[in-house]
Amino acid sequence: MAPKRAVVLLLVLVASCLISPAAAALPIPPGPAQPFVPEYVGAPATPRSVPAPDVPRHPFMAPNGVNSMHDDAYATDAYAAPGPLGRNPRVTSATYGVQECATQAFDRGGRMVALCGGLLDRRLRLIDPATLRTIAVHDLPRPTLRPGQSPLTDLCGGAYFYLDEADRAVAATTDRQVRVVAEDGTRFTEQRRYDLSGSIGESDCLVALLPDWSGRIWFVTGGGIVGTLDRDTGAVRTASLPGERIANSFAADETGGLFVVSDHAMYRLDGAADGAPRITWRRPYDRGTRTKPGQLSQGSGTTPTLIGRNLVAITDNADPRMRVLFYRRDTGTEVCRAEVLAPGAGATENSLVAVGNSVLVENNYGYRGPQSTMFGRTTEPGIERVDADTCSVAWHSDESAPTSVPKASLADGLLYVYGKPADDEGIDAWYFTAIDVRTGRTVYKRLTGTGPQWNNHYAAIYLGPDGAAYLAGMAGMMRIADAPR
């Protein structure tokens, strides 16, 4: 990026931080004009629904598809609803300063609730989905620089929240607290605060949280603590996974199981009679020999994904090829495993996507930070579908998606990723990309913008109730929607 353009971008981002929440949203600053970069590639999709087992509605969460980063308590990352089909898709954007709204949900009115963070702040935003204008802001505790941790990859207290059954945001914060924040018309109101610092050491931090089917809030910490929180009494009970760390979210099912992956093993935990976490089974996996470029820890980079009534899937970190592992949820018995992606060039730091009895895995190998995708560079390509019935790879795509948390629309039969092709001329073009889940064929790509400000940096794709797709970038929010008929 030329120095003059970098200064202009910085001034725009700083100015966007100074406007009031109710002001009109400024768009993400455009990158350099690139006359030879195609805006659209491919053709509109013809929707073909994909059969999939129903995911039960969690009684203590908002409806499936709108309640959390991974869409539901099963962490399927799959929507029953449609997404953009690629009919003259339009891209709109808004910048909120140097702040990424990586975790999003949608309230009963279809408005976005987003947990946003930069190097110096954390806040909830209530956002108009059509205009991306901020309606309300609620400040959360600021992050602190932790020894040995890059602020660009630190998941502590600012990566995860969920909407509960009353549309309240339940968020893990950087000061080892859980805060319950309600919407009050056009503002947020904090209703309750739970202090977990007596159970979590100063050097540790909250990573993720989710309720079980009885209403207890479960949480995990980076230092390998799994805990439960009684939301009525505030009582906290914990169990430790000695010598292990946790760098991902987790899943829950209607039988009471909580499915957690550490950097050494896959677990099922259940609540004991007193509500304390109890390990039901533990299955070690091959954690490999290193933290591969593109991963945040030496171990699985996936949130456990629940499939049907009795499967759970993760990836390991084996060398030279990582594998997708399928287990029975009740016993922990390994059902099968399948090698995926290229030898010595495969890693993922994003959740598997469940489509029917298959999972989709995205390659993130080579992403060491925003610099990895600048000046025409990109990460190792590869997206694959693994079928649990045969435990084999059904198809391979050569698309490069550096760090997007991909999502599928079961209604349309499409997988959505955020792609960036390599370019010998040094052009950094980012594309919202739709792939046919049956064949792996790329159906269409829509350019969002050029330049590092369009990098999503581990943020997830979301499909809104309005059929549009939403994606956070390092400089703001993007909305991709088909043109009106």
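Buried means under 20% relative accessible area, exposed over 50%, and partly exposed is anything in between. Keep that handy for the exercises below, which all use a predicted model.

**Exercise 1. Sort out a charged pair.**
Find the atoms that bring Asp175 and Arg179 together, then decide how covered each residue is.

*Solution.*
- Step 1: Look at the two side chains. Those of Asp175 and Arg179 form a salt bridge, with N and O 3.0 Å apart. Side chains of opposite charge can pair when their charged atoms come close.
- Step 2: Take Asp175. Its relative accessibility is 26%, so Asp175 goes down as partly exposed.
- Step 3: Now Arg179. Its relative accessible area is 8%, so Arg179 is buried.

**Exercise 2. Follow a link across the chain.**
Which residue does Arg329 form a salt bridge with, and which parts does the pair tie together?

*Solution.*
- Step 1: Start at Arg329 and search for its partner. That's Asp253, and the closest N and O atoms are 3.1 Å apart.
- Step 2: Place both residues. Arg329 sits in the loop between strand 22 (323–328) and strand 23 (334–339), while Asp253 sits in the loop between strand 16 (251–252) and strand 17 (258–261), so the salt bridge ties together parts that are 76 residues apart in sequence.
- Step 3: Check the cover. Both Arg329 and Asp253 are buried.

**Exercise 3. Widen the search.**
How many salt bridges does the whole structure have, and which residues are joined with Asp175 into one network?

*Solution.*
- Step 1: Search everything: you get 29 salt bridges.
- Step 2: Try one more pair. The side chains of Asp270 and Arg268 meet in a salt bridge with an N to O distance of 2.8 Å, and both Asp270 and Arg268 are buried.
- Step 3: Look for shared partners. Salt bridges that share them connect Asp175, Arg179, Glu190 and Arg193 in one network.

**Exercise 4. Build up the picture around strand 22.**
Work out which strands pair with strand 22, and in which direction they run.

*Solution.*
- Step 1: Go to strand 21 (residues 311–315). It runs antiparallel to strand 22, and 5 bridges join the two. As an example, Val312 has Tyr327 in strand 22 as its bridge partner.
- Step 2: Go to strand 23. Here too, 5 bridges join it to strand 22, and the two run antiparallel. Val324 has Ala338 in strand 23 as its bridge partner.
- Step 3: Check the turn. Strands 22 and 23 make a hairpin with 5 residues between them, and Gly332 in the turn has a positive phi of about 80°.
- Step 4: Ask how covered strand 22 is. Mostly covered, since 5 of its 6 residues are buried.

**Exercise 5. Hunt for hollow spaces.**
How many cavities of 30 Å³ or more are there, and what lines them?

*Solution.*
- Step 1: Count them: there are 2 cavities of 30 Å³ or more.
- Step 2: Take the largest cavity, with a volume of about 90 Å³. It's lined by 13 residues, and the closest to its centre are Ser68, Met69, His70, Leu210 and Ser249. Strand 8 (161–163) and strand 12 (206–211) each give at least two residues to this lining.
- Step 3: Sort the lining of the largest cavity by class: 9 nonpolar, 3 polar and 1 charged.
- Step 4: Do likewise for the second largest cavity, of about 30 Å³. Its lining includes Arg245, Asn248, Asp263 and Ser300, and the classes come out as 2 nonpolar, 4 polar and 2 charged.

Note on methods:
Residues are numbered from 1 along each chain as its sequence is written. This is a predicted model: local features need pLDDT of at least 70, side-chain atom pairs count only at pLDDT 80 or more; totals for chains, interfaces and linings use all residues. Side-chain values use heavy atoms; hydrogens and water are left out. A salt bridge is a side-chain nitrogen of Lys or Arg within 4 Å of a carboxyl oxygen of Asp or Glu. Buried means under 20% relative accessible area, exposed over 50%, partly exposed in between (1.4 Å probe, protein chains only). Helices (H or I, at least four residues) and strands (E, at least two) are DSSP runs, numbered from the N terminus. On a 1 Å grid over the protein atoms alone, a cavity is a set of points where a 1.4 Å probe fits but cannot get out, and a pocket is an open set with protein on both sides within 12 Å along at least five of seven lines; lining residues have an atom within 4 Å of a point. Grid points are joined across faces, edges and corners, and a volume is the space filled by probe spheres set on the points. Ala, Val, Leu, Ile, Met, Phe, Trp, Tyr, Cys and Pro count as nonpolar, Asp, Glu, Lys and Arg as charged, and the others, Gly among them, as polar. Two strands pair if DSSP finds at least two bridges between them.
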